Amino acid sequence: MEEEEEASKPALPDAFLDFLKENGLDPSIYSESHSTPRYIRLKPGLEARIEEIEAEIKWKLEEVEWLPGFYALPPDVQIANSNAYREGKIYGIDAASGAAVSALDISAGDHVLDLCAAPGAKLCMISDLLGDSGSVTGVDVSSHRLAACESALEENVTFKEWTSRRPWKERKQAARIRKSGAVPSGNQLPDLIYYGCHSGVVGLTKSELYQTFRDDEYLSYGYDKVLVDAECTHDGSIKHVQKFERWGWETLQRRVLDAERSDGLTVLQLKLLTNGFRLLKAGGILVYSTCSLTVAQNEDVVRQFLEGNPCAELQVIDAAENWPCKNGRHNIDANSESSGGTRVKSMMLHWNQNEISTISGEFDLIVASDCTFLKEFHNGLAQILKFLLGKMQPSEAMFFGPKRGVSLDEFLERIKECDLRFSIAENYDA
Ligand SMILES: C[S@@+](CC[C@H](N)C(=O)[O-])C[C@H]1O[C@@H](n2cnc3c(N)ncnc32)[C@H](O)[C@@H]1O
């Protein structure tokens, strides 16, 4: 029995096993690494030609039911020499990468920023989903990784431009369009920009990119969707960890386990997330993803970001309902079961939403925290409160939040205009 257990143990060095233990991760996920399938994505529009593609790669593809356009195949099936691959009918991309892109909920005409784009698997998929509408901007700091990205794009999508820096004239023009409030025109082919850390993104200058925004200044311009697929320790990529068998386990120490590097990484991750959010239009969607499984590089980074950016809101990913992993909805369902006879339900509600007749006048008590921060939403928020509060019985809304500038006073003016009464209680810890 002991021998059997020993045999099924993954052959990982002790230092990595300690790292997994410290981070509460189960080492058995690495034991199947040699049989973990690889994934490909089919170019949209080729669904009817799947049999022809299977003949070209000499393998029957297994559809990934929860991720449209994705297929699994065993790790030892070679596709690189097949016509299907060479002609760009299929390309290799992990299902988890596909999930991150599908969480962006890309629609035709979107302007998308991929902030850590190289080597470009997700960028290819974003480009595919946009077709010839909208635009995609890829950014990365590593020129050699961007070279790989450029090749991937050349093989898989058409793109307009590859530049280390947008020309001054073009940046000026983009800044003028932004100041005039005009929406950038659609039908742009992907605009690939290697721009180091700054300059050229939606017309922002370097100083604008790094300036601190005023409370009421959060972007009415910017990208519809932003992907921050941050630099990380890659410990969650089973295939990546497997490569250390060839590279030598000693390099794992430097690349994954070095605590100092991890601390530096979490600072970088938070900065990337914060910068990505700055470039997101109000009401846009940002996806933060990593291929690490540690809480420090994921939940902790997101928590710190949300603490510093009260106007950002965490959302349940609608596309994730059928994903074979834990998600927000799983928690909501678990909580609703633990509330006895009380009905618990979640829904998305936009403050300026008009069509909410099914829940209007339903609530005795509404609790909200820290949401009076954005002036442009004060009217919508005050009106929706009036709409939701019960009219036949006494009802009230409680707002919690720190006092910031005059935004609360201004919100209360809108509350008065809606004929609602209010009182303020201040109670701060020393
Ligand atoms: C996880 S990889 C991105 C993978 C890519 N999204 C894909 O699907 O192929 C992280 C990338 O972040 C880049 N990176 C690291 N620091 C950066 C920074 N300050 N700004 C932009 N990119 C950065 C790295 O060069 C690396 O290519």
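Modeller: Contact here means heavy atoms within 4.5 Å. Keep in mind that this is a predicted model.

Colleague: Which residues is Cys291 in contact with, leaving aside its neighbours within four places in sequence?

Modeller: UniProt, in an unreviewed entry, puts the feature "active site" at Cys291. Cys291 lies in the loop between strand S10 and helix H13 (299-308). With neighbours up to four places away set aside, the residues in contact with Cys291 are Cys232, His234, Asp235, Gly236 and Ser237.

Colleague: Is Cys291 buried, partly exposed or exposed?

Modeller: Buried means under 20% relative accessible area, and exposed means over 50%. Cys291 has a relative accessible area of 31%, so the label between those two cut-offs applies: partly exposed.

Colleague: Which residues does UniProt list for "binding site"?

Modeller: This record is also an unreviewed entry. The listed residues are spread over 90 residues of sequence, yet they cluster in space, with a largest C-alpha distance of 10.6 Å. UniProt names Asp140 and Asp229.

Colleague: Take Asp140. Is Asp140 buried or exposed?

Modeller: Asp140 sits in the loop between strand S6 (135-138) and helix H7 (143-156). The cut-off for buried is under 20% relative accessible area. Asp140 has 9%, so it is buried.

Colleague: Which residue has a backbone nitrogen that the side chain of Asp140 reaches?

Modeller: Look at the side chain of Asp140. At 3.4 Å, it reaches the backbone nitrogen of Ala117.

Colleague: Now Asp229. Which side chain makes a polar contact with the side chain of Asp229?

Modeller: Asp229 belongs to strand S9 (residues 223-229). Beyond four places in sequence, Asp229 is in contact with Cys116, Lys122, Ser289 and Thr290. At 2.6 Å, the side chain that makes a polar contact with that of Asp229 is Lys122.

Colleague: Which residues come nearest to the ligand?

Modeller: There are 17 residues around the ligand. Both UniProt "binding site" residues, Asp140 and Asp229, are among those that come nearest. The full nearest set is Cys116, Gly120, Asp140, Arg145 and Asp229.

Colleague: How far does a backbone N or O atom of Gly120 lie from an oxygen atom of the ligand?

Modeller: Several backbones take part here. For Pro119, a backbone N or O atom lies 3.4 Å from a ligand oxygen. For Ala121, a polar backbone atom is 3.2 Å from a ligand oxygen. For Gly120, the value is 2.9 Å.

Colleague: Let's turn to the nonpolar interior. Which residues touch the most other members of the largest nonpolar core?

Modeller: This core has 29 residues. Strand S3 (70-73), helix H5 (95-102), helix H6 (121-130) and H7 each supply at least two of them. The members that touch the most others are Ile106 and Ile126.

Colleague: Which element gives this core its largest share?

Modeller: The core draws at least three residues from each of domain 1 (34-92) and domain 2 (95-328). The largest share is five residues, and they come from H6.

Colleague: How many residues does the second, separate core have?

Modeller: Its members include Leu115, Val139, Leu280 and Ala312. The size of this second core is 17 residues.

Colleague: What covers the buried residues of H5?

Modeller: Six of the eight H5 residues are buried. They are Ala95, Ser97, Gly98, Ala99, Ala100 and Val101. The cover over them includes strand S1 (38-42), S3, H6 and strand S10 (280-289).

Colleague: Which residues does Thr266 touch, not counting residues up to four places away in sequence?

Modeller: Thr266 is part of helix H12 (residues 259-278). Its relative accessibility is 19%, so it counts as buried. Its more distant contacts in sequence are Ala296, Gln297 and Val301.

Colleague: How far apart in space are Pro310 and Phe373, C-alpha to C-alpha?

Modeller: Pro310 lies in the loop between H13 and helix H14 (328-337). Its contacts beyond four places are Asp370, Phe373 and Arg404. Pro310 and Phe373 are 63 residues apart in sequence, and in space they are apart by 7.7 Å.

Colleague: Last one, for the whole chain. What share of the 430 residues is buried?

Modeller: The chain has 16 helices and twelve strands. Of its contacts with a separation of 6 or more, 74% join residues 24 or more positions apart. The buried share of the 430 residues is 39%.

Notes:
Residues numbered from 1 in each chain as written. Predicted model: local features only at pLDDT ≥ 70, side-chain atom pairs only at ≥ 80, totals over all residues. Heavy atoms only, no water. UniProt positions renumbered as here; feature names shortened; annotations may be inferred. Helix = DSSP H or I, 4+ residues; strand = E, 2+ residues; numbered from the N terminus. Buried < 20%, exposed > 50% of the residue type's maximum accessible area, 1.4 Å probe, protein only. Polar contact = N/O pair within 3.5 Å; in protein donor to acceptor, adjacent residues only side chain to side chain. Core = buried A, V, L, I, M, F, W, Y, C linked by side-chain atoms within 4.5 Å. Domains from an automatic or database assignment. Near = heavy atom within 4 Å.
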